Amino acid sequence: MLIVGELFNTSRKIILENVEKRNAEYIRDIAKRQAEAGADYLDVNCGDMLDKEVDAMKWLIENIQAVVDVPLCIDTPNPAAMEVGLSLAKNGQPLVNSITGEEERYNAILPLVIKYKAKIVALPIDEQGIPQTAEGRLRVTRQLVKKLTEAGMPADDIYMDLLVQPIATGDRAGLELLHAIRLVKQEFPEVHLISGLSNISYGLPNRRILNRIFMLQTLTMGMDAYILDPLDKAMMGYLYAAQALLARDPFCGKYLAAHRKGLYQS
Amino acid sequence: MTLYEELQESVIMGQEDKVKEIVNGLLDKGSKPREVISEGLVGGMTVVGAKFKTGEMFIPEVIASATAMTKGLKILKPLIVGEELSTISAGKVVLGTVQGDIHYIGKKLVGMIMESGGFTVVDIGVDVPPDKFIEATEREQPDILGLSGLLTTTIPRMKDVVEALKRSNLRDKVRVMVGGAPVSQDFADSIGADAYAPNAVSAVDKARQLMGQS
């Protein structure tokens, strides 16, 4: 299980404010808290700051690495910002979010991933766009995994994000994803499967509930990595319990550690 | 309840079959197709739009209503002939996602809700280069050009489209509306767009405003 702490995203108002004001204390505190809560990676996303993205990313990384040694997930569609982030990430093996099968994007990002020996989040999107069905996702996953492994990437470094669409705009969105997980897992057992936990509930009320249940459904089908808010105690509590129930927690070790840390107390 | 009120109610409740039933019933009684559209169908969608804005209704319900409404429109439109057709249209909109971007759900939603708001919508797809937007503008002669984008790296292409319209002497022939998660009013202003809307329902309101100005 790989947990990526999602909080350093400048599309979140409070993060944007503190990044713009260069409030190091706040950022360092959030970095520590995410790491303590169990994040294996910290996502860094300043994408919506446009031409201020690179400077913001530098500053964020500097401050995060001053207080935690958890590796980073460099989250940007901009290759220039990605190179800066990767060159500054000094702990462990960085994770890059993300690459697709679209030629231009693939060619711009792959060299960086290889150069910095990063793990990669890969989206099964090609020139034909976003696949609508489970079979479509499998098809593009095949092409992408083949290209990546032929370029020298170990399957263990590949995290497929099979594209979560909101159920609000398509009844079958959740189900197609569950089918896709099953198909991809069958054919590529060593490739990891990752997802964020908020797209699914976009446009509906009580999003927290939908997000949690979605985590449980995908986990059961074989997903093994999430980009989430590690400070959401209920979500983390469900995650540890569910893993123990799925025989992914030897001797219920992580579940009991979480219990002792008070995770299950309200 | 009058039949028009029942029709509005069926649109609001997203009841496709009932919408079709009442539309046909009204036509049998001799009601004018234009009136059925404006009083019954568009009337219903206006209530839906208002309820969406206050948070009483949610996206899937808006889609259900728009779908039901469009089924009613399908029966009525063929009965309105010739120039009369353009008078019932609230306006013509060409929609596309900008070059380098393949996101389409938001655009699809905007199109659906605009259609149910009485607009004629031509969706030219995703990953659309500026010259294809120009081509579509020349061919379709829309009132509004809607640009959609979900990636921060590609929304600058929206400016390219505005510049291309200027170079082709089409800028004053069409109103440009932009939308998508990374888009903002500031961004819209900075690229010289005429309007920005944060969601599909307010996009229809904005579109009506733009039409009112012409």
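Q: What share of the contacts in chain B between residues at least 6 apart in sequence joins residues at least 24 apart?
A: It comes to 74%. Two residues count as in contact if their C-beta atoms, placed from the backbone, lie within 7 Å. Bear in mind that this is a predicted model: local features need pLDDT of at least 70, side-chain atom pairs count only at pLDDT 80 or more, and totals for chains, interfaces and linings use all residues. Residues are numbered from 1 along each chain as its sequence is written, while chains are lettered from A and ligands numbered from 1 in the order in which they are written.

Q: How do you know whether the radius of gyration of chain B agrees with that of a compact globule?
A: You set the value against a rule: 2.2 Å times the number of residues to the power 0.38, with the radius taken over C-alpha atoms. For 214 residues that gives a radius near 17 Å, and chain B has 18 Å, so the two agree. Along the principal axes, the C-alpha trace of chain B spans about 55 × 40 × 30 Å.

Q: And how does chain A, with 266 residues, fare against a compact globule?
A: The rule puts the globule near 18 Å and chain A has 18 Å, so that agrees too. Its C-alpha atoms fill a box of roughly 45 × 45 × 35 Å along the principal axes.

Q: What makes a residue such as A:L112 count as buried, exposed or partly exposed?
A: Count the other C-beta atoms within 10 Å of its own: 20 or more is buried, 12 or fewer is exposed, and in between is partly exposed. A:L112 has 19, so it is partly exposed. For the whole chains, 41% of the residues of chain A count as buried, and 47% of those in chain B.

Q: Which residues is A:L112 in contact with, leaving aside its neighbours within four places in sequence?
A: A:P79, A:M82, A:E83 and A:L86. A:L112 itself is in helix α5 (residues 103–115) of chain A. Helices (H or I, at least four residues) and strands (E, at least two) are DSSP runs, numbered from the N terminus. On that basis chain A has 10 helices and 8 strands, and chain B has 10 helices and 5 strands.

Q: Why are there two domains in chain B, and where do they run?
A: The bounds come from an automatic or database domain assignment, which gives domain 1 (3–85) and domain 2 (89–212). Their C-alpha centres lie 25 Å apart. In the contact between them, 11 residues of domain 1 meet 9 of domain 2. α3 (33–53) and α4 of chain B each supply at least two residues of the domain 1 side.

Q: What makes up the side of chain B that touches chain A, by class?
A: Ala, Val, Leu, Ile, Met, Phe, Trp, Tyr, Cys and Pro count as nonpolar, Asp, Glu, Lys and Arg as charged, and the others, Gly among them, as polar. The contact takes 12 residues from chain B and 14 residues from chain A. α4 (59–76) and α6 (105–116) of chain B each supply at least two residues of the chain B side, and the largest share, 3 residues, comes from α4(B). By class, that side has 10 nonpolar, 2 polar and no charged residues.
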